[in-house]
Amino acid sequence: MALLKGKKGLILGIANDKSIAWGVARSCHREGAELGFNYLGEALEKRVRPLAEQVNAPIVEPLDVGDDAQMDDFFAKVEQQWGELDFLVHSIAYANKDALKGNFRDTTREDFQLALDISAYSFIACAQRAAKLMRPGGAMLTMSYLGAVRAVPNYNVMGVAKAALEASTRYLAHDLGPIGIRVNAISAGPIRTLAASGIGDFRKLMDKASRGAMLKRTVTQEEVGNAAAYLVSDWASGVTGEVHYVDGGFSIGAGDPGAE
Ligand code: NAD
């Protein structure tokens, strides 16, 4: 049985075929959903369009989540095309590269505001607009990381942004629950992507993640995609406000057993 048959969903945050959002898109497409995508700028449009064709996505539109006018335009196009929406997946984050290495205490006001705006507030801004198109049974999902709740070297201001994102997930679940809309987050283990390449010493983080995980390996884009498909499906109808770890069990352990 296809989990998402007859559902229409937006998946925001595909940059290329390594993106977690693309893993989510493939799982949701396999489960029968009709999908809509955004892209950030013309350079990424060239990468996103061929991917959209692979899954017959009828919506592929520009969207910079830092720009309210573009947000309004984007959701107006979604309403025009579909009328209503069943699910939204937010897989977007950004911070200045310099803020993702060295000392957290050196974070500038500008770096803080940018990271929090694009990586946390944007989920709220998307949720406001998406909720208007959803009926009871609608679902929203965002992507977090363990740095929200632990001090992970180099993750720095993005950890603070993820903490805000996880708290926003709970507050959105509170607000939207009475109208039957669920809001959850996945906390994914490290995966090699464009965004991840901006994090200082990412290779070390991957090594630690696989040694410290209960499964003794890192997770794949497909594994995150499959968990996402479940969370936006009716199979998760009783689940909201949750941060669901897809990290091979790293977060329950004591860390990297090989570390000094
Ligand atoms: P990615 O680079 O493939 O995706 C990040 C996306 O954010 C890109 O598509 C980029 O275009 C988009 N984006 C950035 N600024 C934007 C803006 N202003 N407007 C619209 N879109 C914008 O990398 P990814 O690793 O797939 O990241 C997706 C999500 O998963 C992020 O929230 C990231 O923090 C989270 N995450 C990643 C990992 C990992 O190890 N890769 C682990 C846990 C959580």
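Residues are classed here as nonpolar (Ala, Val, Leu, Ile, Met, Phe, Trp, Tyr, Cys and Pro), charged (Asp, Glu, Lys and Arg) or polar (the others, Gly among them). The model is predicted, and local features need pLDDT of at least 70, side-chain atom pairs count only at pLDDT 80 or more, and totals for chains, interfaces and linings use all residues. Residues are numbered from 1 along each chain as its sequence is written, and side-chain values use heavy atoms, with hydrogens and water left out.

The second largest pocket (on a 1 Å grid over the protein atoms alone, an open set of points where a 1.4 Å probe fits, with protein on both sides within 12 Å along at least five of seven lines) has a volume, taken as the space filled by probe spheres set on the points, which are joined across faces, edges and corners, of about 450 Å³. Its lining, made up of residues with an atom within 4 Å of a point, comprises 28 residues, of which V152, P153, L205, K208 and F250 lie nearest the centre. These lining residues divide into 14 nonpolar, 7 polar and 7 charged. Helix 6, numbered like the strands from the N terminus as a DSSP run (H or I, at least four residues, for helices; E, at least two, for strands), gives the most to this lining, with 4 residues, while strand 6 (182-188) also supplies at least two.

The largest pocket has a volume of about 1,100 Å³, and among its 43 lining residues S91, I92, A93, Y94 and A195 are the closest to its centre. By class, this lining has 29 nonpolar, 11 polar and 3 charged residues.
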